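Student: Please take one part of this model and look at it closely. Then set it against the rest of the chain. Keep it brisk.

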Amino acid sequence: MTIRPPRRVLSIVLSLVVLAGAVSTAGCTPAKAADSSRITLGFSAWPGWLPWQVAEAEGLFAKHGLNVDLKYFDNYTDSLLALQTGALDANSQTLNDTLSSVGAGARQTIVLVNDNSTGNDKIVARNGITSIADLRGRRIAVEQGTVDHYLLLLSLAQAGLGQGDVVLDPMSREAAAEAIAAGRADSVCISAPFTTKALQRVGSHAIATSAEFPGAIPTHLVVRRALVKDHPQAVQALVDTWFETLTWIKDHKDAAIDIMARRGGVGVDDYGTYDAGTTIFTLHQNLDAFTAGTTPAHLNYQAALTADFIFGTGMVQHRPALDGLLDDRFVKAVPQ
């Protein structure tokens with residue numbers, strides 16, 4: 001299988017301005033009360049998910065009739081496990097991590113595309129390592145079984161290598177970033193905002209990024225299928241809230257970037273460097289992504305490629321079933 005292969009303070013917000021323009025009317029009319037149920041929504045430190053912090057700070061969940069318990073996870077893997085075990089009703093996570101959960105028996109559904117990673121997932125190496133081929137026999141710090149591991153496998157395959165050609169050092173993204181910054185690791189595979197810490201080591205640099213694999217790392221609002229079945233109005237309200245949040249960010253640039261940078265644990269200058277590496281999806285791009293097609297821009301196609309890859313490389317023991325994975329009714333119902 002083959003998968004085809006920052007610096008103003010307000011740059012990521014300016015990107016959101018452009019992207020939100022296509023949905024600027026979304027959320028102008030508050031949704032009817034979703035229902036009285038409490039929805040537990042998880043997210044982690046990724047630029048494409050930090051707008052959820054803006055939604056909470058500005059009362060946009062309540063505006064849409066939602067009672068949301070927003071939970072931030074320092075450790076991304078913990079959020080994946082929380083959704084699998086039912087401790088969360090919904091979570092922001094990548095396509096490949098969702099498929100890994102589905103392959104392990106979880107019943108999860110993608111209802112929204114938050115963004116595509118277009119460079120903010122990186123393989124960072126110390127000075128003297130100049131290419132993926134140079135990683136042969138090297139020890140690489142990575143949060144095993146997650147999107148970082150997935151990017152590493154994609155990059156190794158592109159260079160004609162496999163997982164057996166390197167030595168994995170499993171650790172959290174935060175620990176991995178600290179390890180290379182302190183000189184305790186030769187290479188790490190990591191995502192923003194942890195890349196900022198990793199690149200503090202003198203001479204460290206990215207030898208591969210998600211920009212080299214267009215469409216391979218989309219991120220999503222993923223919900224338990226029971227939530228879709230029992231509380232579809234709540235799911236709709238979550239999706240509507242997302243698009244109104246993009247509009248709020250467009251109209252309140254300085255306040256928005258301050259909220260997101262603080263939640264991500266970085267300064268506004270560093271946060272601005274993530275602009276090009278995270279492409280936030282508009283409503284129109286969501287609709288296109290959910291439309292069946294035969295390129296990586298179409299979720300059905302990318303999901304099949306990803307399922308084949310993670311099964312073929314041993315990331316999962318069973319190829320994930322794709323039935324019920326994608327549900328486009330909620331993005332289709334967002335006010336235009």
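**The end of a helix, and beyond**

Tutor: Start at Gly183. This residue follows helix H7. Its phi is positive, near 85°. Bear in mind that this is a predicted model.

Now step back into the helix itself. H7 covers residues 173-181. Which of its residues are buried? They are Arg173, Ala176, Ala177, Ala179 and Ile180. Note the mix of names: an arginine, Arg173, counts as buried along with three alanines and Ile180. How are these residues placed around the axis of H7? They cover an arc of only 160°, so they sit on the same side of the helix.

Set that against the whole chain. The protein has 336 residues, and 56% of them count as buried. About 12800 Å² is exposed, and 49% of that area comes from carbon and sulfur atoms. H7 is one of 15 helices, and the chain also has 11 strands.

Two more helices deserve a look. Take H8, residues 194-198, which holds Thr196. Which residues does Thr196 touch, once neighbours within four places in sequence are set aside? Asp270 and Tyr274. With Tyr274 there is also a polar contact, side chain to side chain, at 2.6 Å.

Next comes H9, residues 225-230, where Ala226 is found. Is Ala226 buried, exposed or partly exposed? Buried means under 20% relative accessible area, and exposed means over 50%. Ala226 has 32%, so it is partly exposed. Its link to Gln108 spans a long stretch of chain: the two are 118 residues apart in sequence. In space, their C-alpha atoms are 8.6 Å apart.

Finally, the strands. Six of them form an open sheet with mixed pairing. The order is S2-S1-S3-S10-S4-S11. Where does this sheet end on either side? The edge strands are S2 (67-73) and S11 (278-280), and each pairs on one side only. On average, neighbouring strands of the sheet are turned by 30° against each other, direction ignored.

Look at the S2 edge in detail. S1, residues 38-44, runs parallel to S2. Seven bridges join the two strands. One residue pair can be named: Ser44 has Phe73 in S2 as its bridge partner.

To sum up, the close view gave a helix with its buried residues on the same side, followed by a glycine with positive phi. The wider view added the contacts of Thr196, the partly exposed Ala226 and the open sheet of six strands.

Technical notes: Residues are numbered from 1 along each chain as its sequence is written. This is a predicted model: local features need pLDDT of at least 70, side-chain atom pairs count only at pLDDT 80 or more; totals for chains, interfaces and linings use all residues. Side-chain values use heavy atoms; hydrogens and water are left out. Helices (H or I, at least four residues) and strands (E, at least two) are DSSP runs, numbered from the N terminus. Buried means under 20% relative accessible area, exposed over 50%, partly exposed in between (1.4 Å probe, protein chains only). Accessible areas come from the Shrake-Rupley method with a 1.4 Å probe; for residues, only the protein chains shown count as cover. Two strands pair if DSSP finds at least two bridges between them. Axes are lines fitted to C-alpha atoms, for helices over the stretch in contact, and angles run from 0 to 180 degrees between N-to-C directions. A polar contact is a pair of N or O atoms within 3.5 Å; within protein, one must be able to donate a hydrogen and the other to accept it, and residues adjacent in sequence count only if both atoms are side-chain atoms. Contact means heavy atoms within 4.5 Å. The arc is that of the directions from the helix axis to the C-beta atoms.
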